[in-house]
Structure formats: structure tokens, C-alpha cells
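Here's a quick walk through this structure for anyone meeting it cold. Have a look at the chains and then read on.

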Amino acid sequence: MNKYRFVGLMVALLVFSGSVRNGFAQSSITDEALASVATAESVVADAKASIKRGKELVSLIPEDSPLLSEVRQMLKEVSMNWKLAVESLEGANLSAAKIASTSSEELAGDYALLAKVNSAVATSGANVVQIGMAYVEAVALNKPESLDIIRGAMQDALAASAQVKFNCDKVKNLISEKYAN
Amino acid sequence: MKAIQLKYVAVIGLLVLGLANHSFAVDAAEAAGVMADLESLVAQAKVILSDAALDDVDAVAAVAKANEISAGIDAAVAAGRDALSAMEQAIANGDAEGAESAEDDLAVALRQASGILSGIFPATAATTDSGDDSEKDYDSPNIYDNPWESQGLRDYYQSLFGAFESASSNGQGKGFGDQDATPE
């Protein structure tokens, strides 16, 4: 989807959500979850496009490049986070689909929360992918001045992604405990 | 880059409106969810930073701006972590009021982070308020700004402490009382 159309849709959703919130708290929870899922889908799509571009750029890196081992390490992180992003996006979509089908408001709220946290995991995982591909681009297009910045960004993004996953797991555990008792 | 930021702003706007409306009867799961959203903004800020590093036109300015955004979001996330920790502690101690207060702090952290991602920093947020400026004879207070928490003031106090430490008997100098006023 065109980015600008997407942003327009998001803003429209925001306005709509704000205007009807008082009367329809339940539908606004659903709106928030759906907006989070839509954002995650868009960011994952961006990451997918960057992977496609990265594949082309990797071939430009000479085999005797001293940075090749670091590129491999980046690609390993990218691969793990891509898998995480895709799986979490699937989880987010599953949770979002269940919001409408449940009759209990509380259960719907919990599904919405699950959709939101899974979307956050998918988004941060996709962000890690984008940064890894930025590193590949910097090496392939010979932009050594960018490398240190991207390395630092990658470290921070990996730490943030792990924190997002940690909080997502915490939410899942708390919700599981609620229904186990 | 701008489009990516905008989509986040829209979604975080929804989240903030949600926070305002839910009245948050101190729900640990929901608070952890907010924290997940906050932490994911860190990764987004790092994407902006890495994109800026590859900027062909003016990488230096773009990186400086991206660093500013990133630092602001890091600070908001740190505040959010503190708030979440305080909330969990308050819940464990049965302190409902403390938990609600911490939850409010968490909501403020999310608002700050979303504002920063869209380029509105806490220090400038109040000055962007609409209204008739000619009527104002004072600067509007910025309710989100904690000046004592700014990095500049921290550095300043740290340097004062460093100067004091080095001049004291514990530091490398002889200490205020031991140092000769005039070399004889």
C-alpha cells in the first residue's frame, strides 16, 4: 500500500476513534488493536522490501572484504528477527480476528491487548531487519562513515526488540494467569 | 522517513487516547503492553538514525536530528521503565494510589515519546499551543519538562561534583582546607 495512503487511513482512524470513543469504548479498543496491526503489517512490508534490496546489494560486496564476517553476523540477526516479525504478525492477526467474534467485553479487551503487543514485537523485529539491511547497503555502497552509527543503532534496536518481546511475554503470562484461576 | 514517522504518530495517538479513556484501573498487563509500545519506538528511532547515516544530501544534519529524536525517546522510555517498576512495586505493596500515579507517569512517557517521534520535544510542546500570543506576558509552563532531569543539568551537577571531589582531600588535590592560599 502506498505510504501516504496508509498514513491518511491511520489519521482517519485516529479522528474516528477519538470522535466516537465516549460512546463506544469497546469499538475504540478494537480500533487501536487494528491500527497497531495495520502499522505492523506496513512496517513488515517495508522490511520485506529492504530484504529484497539487500539481496541485490550483498552481491556487490567483494568476497575479500574485511567486513564480510560482520555482514554475515548482521544477516544472522536479520534472519532471526524477520522470523520473529512474521510469526508475531500472524499472532497479531489471529488475536485481532478473535476480537469481533467474542461476546465478552473483557475477553475482547484481552484479545485486543494481545494483538497490540504482538504487533509491537512484529514492528520492532521488522525494524531490526531494516537496520541490518542499512548496514549491508553501507558496506555494499562503500559508505564507511555510516558503519559505526548503524552498528550502534543495531545494538540498541536489538536490545529494544528483546525488551518488547519480554513485555509481550509478560502480557501473555498475565492474561493466561487471569483465565487459569 | 517522514511517512514512517507519521504512521507511528497516528497509532501512538490512538494508544494515548486509549490510555486517557480506559481510566486504567491499574492493569499490570495493559501497562506492560504500553511498555512494549514504548520500547518498540526505540527500535523505530534507530531505523530513523540508520537511514539518516545513509543520507546522501546532508548526513551530518540528518544524523544530528535523528540522534536528538533517539535520545528523547530513550529518555521517555527510561521514565516509562521507572514508572512501570514503581507501579509493580505499588501493586505488590497494595498501594492503589501509588500504582495509579505510576500509571499516569507511564502514560506521560508514552505521550512524550510519541510527540518526540513527530518532532515535538517536551521543551517546545507548550510553546506550540495555539492561542493569542499577544495576550501572554509570560512563558507557558511546560508540564512535561522536568528541568532537573535534563542531561545538561545532570552534566553540570556532575562537573560541579567532579570539581569539588578533585579539590577535596579525597581527590587528587590537597583539599580546600589543606591547600595553601599562598605558595611560601
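## Two helical chains

Of the 184 residues in chain B, 36% are buried, where buried means that 20 or more other C-beta atoms lie within 10 Å of a residue's own, exposed means 12 or fewer, partly exposed is what falls in between, and C-beta atoms are placed from the backbone. This is a predicted model, in which local features need pLDDT of at least 70 and side-chain atom pairs count only at pLDDT 80 or more, while totals for chains, interfaces and linings use all residues. Residues are numbered from 1 along each chain as its sequence is written, and chains are lettered from A and ligands numbered from 1 in the order in which they are written.

What is chain B built from? It has six helices and zero strands, and from the N terminus on its elements run α-α-α-α-α-α. (Helices are DSSP runs of H or I with at least four residues, strands are runs of E with at least two, and both are numbered from the N terminus.) Chain A has five helices and zero strands, so to speak a plain α-α-α-α-α when read along the sequence.

Here are the chain totals. Two residues are in contact if their C-beta atoms, placed from the backbone, lie within 7 Å; the last column takes contacts between residues at least 6 apart in sequence and gives the share joining residues at least 24 apart.

| Chain | Residues | Buried | Share of contacts 24 or more apart |
|---|---|---|---|
| Chain A | 181 residues | 47% buried | 80% of contacts |
| Chain B | 184 residues | 36% buried | 57% of contacts |

## Helices side by side

Now for the packing. In chain A, helix α4 (residues 105-140) and α5(A) have axes that come within 9 Å and cross at roughly 165 degrees. Axes here are lines fitted to C-alpha atoms, for helices over the stretch in contact, and angles run from 0 to 180 degrees between N-to-C directions. α4(A) and α5(A) are therefore roughly antiparallel to each other (over 145 degrees; under 35 is roughly parallel, 65 to 115 roughly perpendicular and the rest oblique). Their crossing is left-handed, meaning that the near helix is turned anticlockwise from the far one by less than a right angle, with clockwise being right-handed.

α5(A), residues 144-180, also packs against helix α2 (residues 28-53) of chain B, at an angle of about 165 degrees and with the axes 8 Å apart. That makes α5(A) roughly antiparallel to α2(B), and α5(A) passes α2(B) in a left-handed crossing.

α2(B) itself is largely enclosed by the rest of the structure, because 25 of its 26 residues are buried. Its end C-alpha atoms are 38 Å apart, which agrees with the 38 Å that its 26 residues should span at 1.5 Å a residue (the expected span is 1.5 Å times one less than the number of residues).

## A few single residues

Which residue has a positive phi although it is not a glycine? A:N142 does, at about 55 degrees. A:N142 sits in the loop between α4 and α5 of chain A, and it is exposed, with 10 other C-beta atoms within 10 Å.

A:A97 belongs to helix α3 (residues 68-101) of chain A. A:A97 is exposed too, having 12 other C-beta atoms within 10 Å.
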